[in-house]
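Biologist: I would like to learn how to read a model like this one. Could we go through it together, from the whole chain down to a single residue?

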Amino acid sequence: MTTFLKGHGTQNDFVIIPDAENGIELSPAAVAALCDRRAGIGADGVLHVVRSAAHPEARAMAAEAEWFMDYRNGDGSVAEMCGNGVRVFARYLQRAGHVGEGDVAVATRGGVKHVHIDKEGLITVGMGKAELPAGDVTVSVGERAWPATNVNMGNPHAVAFVDDLAHAGTLYDAPEFTPASAYPQGVNVEFVVDRGPRHVAMRVHERGSGETRSCGTGACAVAVATARRDGLDPAVTGTPVTYEIDLPGGRLTITERPDGEIEMTGPAEIVAEGVLDAPLSASLSAPAVEQAGRQGETVNL
């Protein structure tokens with residue numbers, strides 16, 4: 001039987017699959033089944049917990065980070081990074097006894113992320129630097145359209161400032177964007193309104209997952225886009241800038257430093273632990289896993 005956990009960061013929720021030696025091959029269909037909110041466990045994505053040395057995409061980072069976050073979107077597609085996911089991933093490592101309070105490095109497809117677990121339960125993630133690709137971008141929902149700021153946080157974002165978050169519609173479907181060449185692999189789209197000085201609220205459509213209750217990289221992209229809109233660039237002013245970002249699932253605090261590094265602080269919780277039962281674990285019966293371990297093969301879930 002295969003164990004799993006369920007966790008969330010500001011209600012961006014994840015199924016966690018511990019698999020230190022990378023013995024499980026997660027097919028897109030299996031991930032989608034796990035994340036199905038009616039027929040599966042239900043989540044925005046899957047955190048596959050693997051030792052970096054055991055995963056071909058992470059071996060080069062193993063000297064710097066023992067653990068690799070093999071992240072999958074709710075539709076089964078592979079993603080470079082997930083900011084809320086990194087916090088939940090770190091909380092799992094702490095719960096499992098792999099790390100304690102303090103600093104931990106986590107390997108991701110977006111590079112190694114440095115995480116700090118504080119005594120009060122908040123987790124701060126070094127999210128790296130934002131890139132702002134040149135060129136105009138427009139996003140639209142129905143008959144409404146807005147100019148958007150193109151921000152890359154290791155994954156692509158389009159940040160649009162709107163008068164009312166309701167104008168984003170249901171966000172069941174991905175908002176349209178132009179030009180198509182701006183995001184050849186799709187994009188996460190954030191809709192933003194002002195709440196006060198250095199304080200905004202947002203909704204987000206995450207590619208591969210639809211609207212989610214929170215998006216860590218999206219909150220970082222929003223903070224950067226808002227700072228530039230407000231004429232604040234820490235690289236120019238020499239002063240860090242911090243924004244409070246309200247999301248449907250809670251609040252994140254985002255700070256951009258003069259060196260360009262971005263830090264995200266917020267909560268992360270593990271809420272359940274269990275065992276996958278048929279049909280989700282039908283191909284992960286104990287004999288199959290043992291045989292795969294003997295033969296050095298992976299097992300499809």
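Modeller: Gladly! Keep in mind that this is a predicted model. Let us begin with the surface: the protein chain exposes about 13000 Å², and carbon and sulfur atoms supply 49% of that area.

Biologist: How many of the residues count as buried, as a percentage?

Modeller: Of the 301 residues, 50% count as buried.

Biologist: And which helices and strands should I look for, in number?

Modeller: The protein chain has five helices and 20 strands. Its radius of gyration is 19 Å, close to the 19 Å from the globule rule for 301 residues, so the chain is as compact as a globular protein of that length. Along the principal axes, the C-alpha trace spans about 60 × 40 × 35 Å.

Biologist: What share of the contacts with a separation of 6 or more joins residues 24 or more positions apart?

Modeller: That share is 61%.

Biologist: How far apart are the mean positions of the positive and negative charges?

Modeller: They are 2 Å apart, taken over 24 positive and 40 negative charges.

Biologist: Now a single residue. Where is D44 found, and is D44 buried or exposed?

Modeller: D44 lies in the loop between α1 (28–35) and β4 (45–51). D44 counts as buried because its relative accessibility is 7%, and the cut-off for buried is under 20%.

Biologist: Which residues is D44 in contact with, leaving aside neighbours within four places in sequence?

Modeller: D44 is in contact with Q11, N12, D13, R37, Y71, N73, G74, S209 and T212. Try selecting D44 in the viewer and finding each of these partners.

Terms used. Residues numbered from 1 in each chain as written. Predicted model: local features only at pLDDT ≥ 70, side-chain atom pairs only at ≥ 80, totals over all residues. Heavy atoms only, no water. Helix = DSSP H or I, 4+ residues; strand = E, 2+ residues; numbered from the N terminus. Rg over C-alpha atoms; globule rule 2.2 N^0.38 Å. Buried < 20%, exposed > 50% of the residue type's maximum accessible area, 1.4 Å probe, protein only. Contact = heavy atoms within 4.5 Å. Areas by Shrake-Rupley, 256 points an atom, 1.4 Å probe, with all protein chains shown as cover. Lys, Arg positive; Asp, Glu negative; His and termini not counted. Charge placed at Lys NZ, Arg CZ, Asp CG, Glu CD.
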